[in-house]
Amino acid sequence: MKRTLLNLKIALGSLGNFKLRTALAVLGVFFGTLSLVVVGNLSDSLALKTEQEIANLGNNLIIVVSGQIHRYGPNTPLISRATNLTLGDAEAIAISLPAAARVSPSGFKAFPVRRGNTVLKAIAVNGVTPDFSEVRNFEIAEGSPITEEDDRLQRKVALIGRTTAEKLFGEENPVGKTILIWRVPCQIIGVMAEKGADIAGNDQDNQLFIPLKTFLRNFVNLENVNIIYVQAASVEAIDPLRGEIEALLRVRHGIRKDMKDDFSVVDLKEVTALKSQAMDLISVLGRIAAAASFLIGALGILSIMILIVNERRVEIGIRRAVGSRKRDIILQFLMESSFISVSGGAIGMAAGLLMSLAIARVLGYPSSISVRGLLTAFAASVASGILAGIYPSLKATTIHPVDIIRSKG
Amino acid sequence: MTPLCLMEDVRKTFRMGDDAVEVLKGIDLAVAPGEFAAIMGTSGSGKSTLMNLIGCLDVPTSGRYLLAGREVLGLQDDDLSELRNAHIGFVFQSFYLLPYATVLENVLLPTLYRESAKDHAEDHAIELLRLVGLEARMRFRPNRLSGGEQQRAAICRALMNDPELLLADEPTGQLDSRTAAEIMNLLAKMNERGKTVIVVTHDPAIAAYAKRIIRIRDGVIVDEQAD
């Protein structure tokens, strides 16, 4: 222990002569661990978020959207704006497929919303059926839900998301108040429970829900919906039900065998897979950046250690003369090189933790600390130090006391 | 009495490319415990090589060398390290104290490589520093010490593991004559306390402190005289 401390002190004294190089090497390892920790934590955050998302979206949920989802294109909107699904499609699914426990068609469009002098330019307005809150796990915090009667009578009532409510009403209770959606005055009958951001980072609390029929007649004047949410009776029913829905809709839409579907049926696994593609890319890039940083750090350490070994030829000779074995010298310099890298690694780990917590916060993801990421980062910093130290420490053992004792004889 | 160092027909050949240069050409030497000897010779006489062999920094090409009864020829590097650590204290012309360690830490250096490092090593080191009058400076870095003080600290380092043999290579080469006398007196004092001291020098005034002078020329011992 004493020996380690003394060696460390001597090493630090010696490193003091190469401050800039040491700083650069430490910086390399710093960025390496930083990226590893950030990538690890964010991947974990995303996994957590995905789980939450699946629970949030609704259980055993199948989503039918109009148009095709281009799965691998960049900037693909998940949900097409085309509206070739009809209320009839939804009814057909509900009636003819017993595995479909609940069917909730929905339309949506952005409209300006106004209350008094406050105008919000584009708030997502969703036309929904009473089943909606059940199927999509949207709970009502205050007030009452949209009922069958509201829908049938095309009542001008609305449920308001928490964020929208705060924007329009501040601290006031919005229930019972009337707002102007586009040019239709609607009475607010309830406030939704907070839901947070979805996996794409959209605030799910910044929207309005009105009865579907009200939406179709008074807002878009269409028979068509954008999306049909289908809740399968069980997890096992999801896959067969998807096939049944596809077959049914192909018939209803008159799609021949050689034609492509004009709709897409996805389940949540696919939705989240799509959304996490971007994150996977970030992950890969982060790891490449980490590898490059570690390489730079290791090369920096290598060059410093070579300098240091040269500077300390006399010290090595003396140590050998007073009885250190070659392996003591190797160990000493390996410890020095890993000390350099671990100190960079420690700062990198701390900064990485802070940074990933901050990023998770900004994205609205649950913050998560990946122990595996931290351990990988630590191991990588130790390993880069040791690897970088091998050659210089072996070189150090070639220094012999006889070389430094220059008596004239 | 069994000699501490016993050399019989020791030869050392260095290879320089295709040439082989025989630097030591058959050395017979016995140094008994408690002796104070000086090895004298001019530049190129082979005295440095002889010192390296005595100090187990190098091994003979042929011949026998017994240090404290142990055959040195054929020992592995690690065994030589252990032998140096246990039996020999080195004093060098340029002191060779580690610049980033304190005087006390420098004195403690040999204990770092001792398997059975004693708990009271630090007390022992302080005691040695007190003996040479450096107790007040033990927390200083070596560069704050004068040459003579640095050499005294180096002698403490050499004594730290309580070796039988003190091997001093031109110990006063960088010191003025007054300081040189101090250092030689210190070595003489250690000799009186029972240490075997071998000084390698080209300076007759320094060699005069020794009780026995071994002269070496062209790789052989040419003359021996004892007081």
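**Exercise 1. Find which residues make the nonpolar surface patch of about 410 Å², then place A:Phe31**.

Step 1: The patch of about 410 Å² comes from A:Leu20, A:Leu24, A:Leu27 and A:Phe31. Patch members have over 30% relative accessible area and no salt bridge; like charges are joined within 9 Å, nonpolar side chains (Val, Leu, Ile, Met, Phe, Trp, Tyr) within 5 Å. Areas use the Shrake-Rupley method with a 1.4 Å probe, and for residues only the protein chains shown count as cover.

Step 2: A:Phe31 sits in helix α2 (residues 19-57) of chain A. Helices (H or I, at least four residues) and strands (E, at least two) are DSSP runs, numbered from the N terminus.

Step 3: A:Phe31 counts as partly exposed because its relative accessibility is 40%. The scale is: buried under 20% relative accessible area, exposed over 50%, partly exposed in between (1.4 Å probe, protein chains only).

Before you go on: this is a predicted model, where local features need pLDDT of at least 70, side-chain atom pairs count only at pLDDT 80 or more, and totals for chains, interfaces and linings use all residues. Residues are numbered from 1 along each chain as its sequence is written, chains are lettered from A and ligands numbered from 1 in the order in which they are written, and side-chain values use heavy atoms, leaving out hydrogens and water.

**Exercise 2. Work out why the pair A:Arg327 and B:Asp78 joins two chains**.

Step 1: A:Arg327 and B:Asp78 form a salt bridge, with their closest N and O atoms 2.7 Å apart. The cut-off is a side-chain nitrogen of Lys or Arg within 4 Å of a carboxyl oxygen of Asp or Glu.

Step 2: A:Arg327 belongs to helix α11 (residues 326-363) of chain A and B:Asp78 to helix α2 (residues 77-87) of chain B, so the pair joins two chains.

Step 3: Now check the cover. A:Arg327 is partly exposed, at 49% relative accessible area, and B:Asp78 is partly exposed too, at 24%.

**Exercise 3. Say whether B:Lys12 and B:Asp58 are buried or exposed**.

Step 1: These two make a salt bridge as well: the closest N and O atoms of B:Lys12 and B:Asp58 are 3.3 Å apart.

Step 2: They link distant parts of the chain, 46 residues apart: B:Lys12 is in strand β1 (residues 5-16) of chain B, and B:Asp58 in the loop between α1 (47-54) and β4 (62-67) of chain B.

Step 3: Both B:Lys12 and B:Asp58 turn out to be buried.
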